[in-house]
Amino acid sequence: MREINVELVTKTVEVLCIEANYKLPADVKNALEAAADREESPLGKEILMDILMNAEIASKKRVPLCQDTGLAVVFLELGQDVRLVGGDLYEAINEGVRRGYTNGYLRKSSVDDPFLLRKNTGDNTPAVIHTTIVPGDRVKIIVAPKGGGSENMSALGMLKPSDGVEGIKKFVVDTVERAGSNPCPPIIVGVGIGGTIEVAALIAKKALLRTLGEHNPNPAVAALEDDLLREINRLGIGPQGLGGRTTALAVNIETHPAHIASMPVAVNIQCHAARHREAVI
Amino acid sequence: MTKKVNTPLSDETVENLEAGDRVLISGIIYTGRDAAHKRLAGMMERGEELPVDLKGQVIYYVGPCPAKPGQVIGSAGPTTSGRMDSFTPQLLDRGLKGMIGKGTRSKEVINSIVKNKAVYFAAIGGAGALLAETIKEAELVAFDDLGPEAVYRLRVEDFPAIVIIDCHGNNLYETGPKNFKLSGEEKQP
């Protein structure tokens, strides 16, 4: 067993929270540049250029790309040959979030209950933590801050198996059309198909972590990603919803085996500030 | 075209703005989002005096990041305006002239914008670092306990925005995408 002190987890999470919020991933930057080249709407083009300039300012001055520095969503891949010492793992992650959001001057956007007093917790905890146990003696940590505006436009539908591919397409495209300008387009569309209700939502979120330009390894799913991206960009919503060809930068789909009676479809919408950073301990 | 706009807004300034105009706003604007709107609505209901005289003023829907040492304010881009819709008509009736946010507004808000000769601007969502550069002063006005949702008085210089809904009710969120929507067999040019 390899021993890892949870203090190292705390320090890693702190750095990841800050770096994720200050720096736009290279694949997102490339996709925005390509979109700016292609965009036919003059206003849309200007908006895409401004978004790229914003990323440059944020990186250079080491400030957040967006004031909504999100709930801290943490994906943890825990090697089964790791023994964690020095304290409670989840408390260590929350301590990392607390330090990252405080020391990085990030906005604290977490309220302690969803519908009663909604009091700000003051340190952006608790993190939303998803843990997977994997072979090996390493710990992989991905921090993906998630803003509220795009999360609010996400949707989940318990479709019937007979709805088929056309039903999936309609659900995804309708969700994006209804979202319109609200989730800060251009967006990235994470789609989870299959599993149970919570699995569909979780794999939709995981789909957002995939590098832009990479497709699902299943050719039929990859083809659906292309079809959906084309259809979404025909909607004309455009950058910031003001009209244009660039409504989405990518559609990433993940699938999971499902019950014979079910075909859940989750759509998790991500704004153009598609932030995630990872580290392996 | 880009127009220079100074706050507080006069009727004449508002009449001169058309949906689709790019503007650079200079002067004083006030921050306010979900929790602050809820409090303002409660104060109005109880007949209490508001912490800000709204006549001619502009509210910016924003919950900024904390300022780093040496900064006036942290990143400060717009939040989704629709969440403020149920509070907005009564603020417009009190003299509020402009709002800066992002995303669509309800029919009631649009009607109230026309009735009160006001204007709705959008700033680029997710461009918080760029927009913060145009904020030159920030002073806490009310609701300190709300943290990022407190009300601040900001002095901005050439804050970039786009006129979305003008005082005639024209709405760029309606007209803009229509020009680019492809239907049926229509091929992307």
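**Group meeting: a walk through the two-chain model**

Okay, let's start with a strand. Strand S7 of chain A, residues 187-194, is mostly covered, with seven of its eight residues buried. Before I go on, keep in mind that this is a predicted model.

So who are the neighbours of that strand? On one side, S7(A) is joined by eight bridges to strand S8 of chain A, residues 248-256, and the two run parallel. If you want a place to click, A:Ile187 stands opposite A:Ala248 in S8(A). There's another partner too: six bridges join S7(A) to strand S9 of chain A, residues 263-270, and that pair is antiparallel. There, look for A:Ile188, which sits opposite A:Gln270 in S9(A).

Staying close to that strand, pick A:Val189. Leaving out residues up to four places away in sequence, A:Val189 touches A:Val172, A:Val176, A:Ile232, A:Ala248, A:Val251, A:Val267 and A:Ile269. A:Val189 also turns up in the largest nonpolar core, which has 132 residues. The members that touch the most other members are A:Cys17, A:Val189, A:Val191, B:Val119, B:Phe121 and B:Ile164. Strand S7 of chain B, residues 151-165, gives the most to this core, with ten residues. And on the chain A side, domain 1 (2-20 + 65-146) and domain 2 (149-278) both contribute residues, so the core lies between them. As a bit of background, nonpolar side chains in soluble globular proteins tend to be buried together.

Let me stay with those domains. Chain A is divided into domain 1, covering 2-20 + 65-146, and domain 2, covering 149-278. Their centres, taken over C-alpha atoms, are 25 Å apart. What does the contact between them look like? In it, 14 residues of domain 1 of chain A meet nine residues of domain 2 of chain A. On the domain 1 side, helix H1 (6-22) and strand S5 (139-146) of chain A each supply at least two residues. S5(A) gives the most to that side, with seven residues. By class, the domain 1 side splits into nine nonpolar, one polar and four charged residues.

Now the contact between the chains. Chain A puts in 39 residues and chain B puts in 38 residues. Which element of chain A gives the most to the side that touches chain B? That's helix H3 of chain A, residues 42-61, with eight residues. The make-up of that side of chain A is 17 nonpolar, 16 polar and six charged residues.

Over to chain B on its own. Its secondary structure comes to six helices and seven strands. Reading from the N terminus, the order is β-α-β-α-β-α-β-α-β-α-β-β-α. For the size people in the room: the radius of gyration of chain B is 17 Å, close to the 16 Å that the globule rule gives for 189 residues, so chain B is as compact as a globular protein of that length. Its C-alpha trace spans about 55 × 40 × 30 Å along the principal axes. Of the 189 residues in chain B, 49% are buried. And if you take the contacts in chain B with a separation of 6 or more, 62% of them are between residues 24 or more positions apart.

I'll finish with two single residues. One is B:Glu157, which is in strand S7 of chain B. Is B:Glu157 buried or partly exposed? It has 13 C-beta neighbours inside 10 Å, so B:Glu157 counts as partly exposed. Leaving out residues up to four places away in sequence, B:Glu157 touches B:Ser26, B:Thr134 and B:Lys136. B:Thr175 is 18 residues along the chain from B:Glu157, and their C-alpha atoms are separated by 29 Å.

The other is A:Asn124, in the loop between helix H4 (89-103) and strand S4 (128-134) of chain A. With 24 C-beta neighbours inside 10 Å, A:Asn124 counts as buried. Among the residues that A:Asn124 touches, again not counting residues up to four places away in sequence, are A:Ala72, A:Val97 and A:Tyr101. And here's a pair to try in your viewer: A:Asn124 and A:Leu71 are 53 residues apart in sequence and 6.8 Å apart in space, C-alpha to C-alpha.

Note on methods:
Residues are numbered from 1 along each chain as its sequence is written. Chains are lettered from A and ligands numbered from 1 in the order in which they are written. This is a predicted model: local features need pLDDT of at least 70, side-chain atom pairs count only at pLDDT 80 or more; totals for chains, interfaces and linings use all residues. Two residues are in contact if their C-beta atoms, placed from the backbone, lie within 7 Å. Helices (H or I, at least four residues) and strands (E, at least two) are DSSP runs, numbered from the N terminus. Ala, Val, Leu, Ile, Met, Phe, Trp, Tyr, Cys and Pro count as nonpolar, Asp, Glu, Lys and Arg as charged, and the others, Gly among them, as polar. A residue is buried if 20 or more other C-beta atoms lie within 10 Å of its own, exposed if 12 or fewer, and partly exposed in between; C-beta atoms are placed from the backbone. Two strands pair if DSSP finds at least two bridges between them. A nonpolar core is a set of buried Ala, Val, Leu, Ile, Met, Phe, Trp, Tyr and Cys residues joined through C-beta atoms within 7 Å. Domain bounds come from an automatic or database domain assignment. The radius of gyration is taken over C-alpha atoms; the globule rule is 2.2 Å times the number of residues to the power 0.38.
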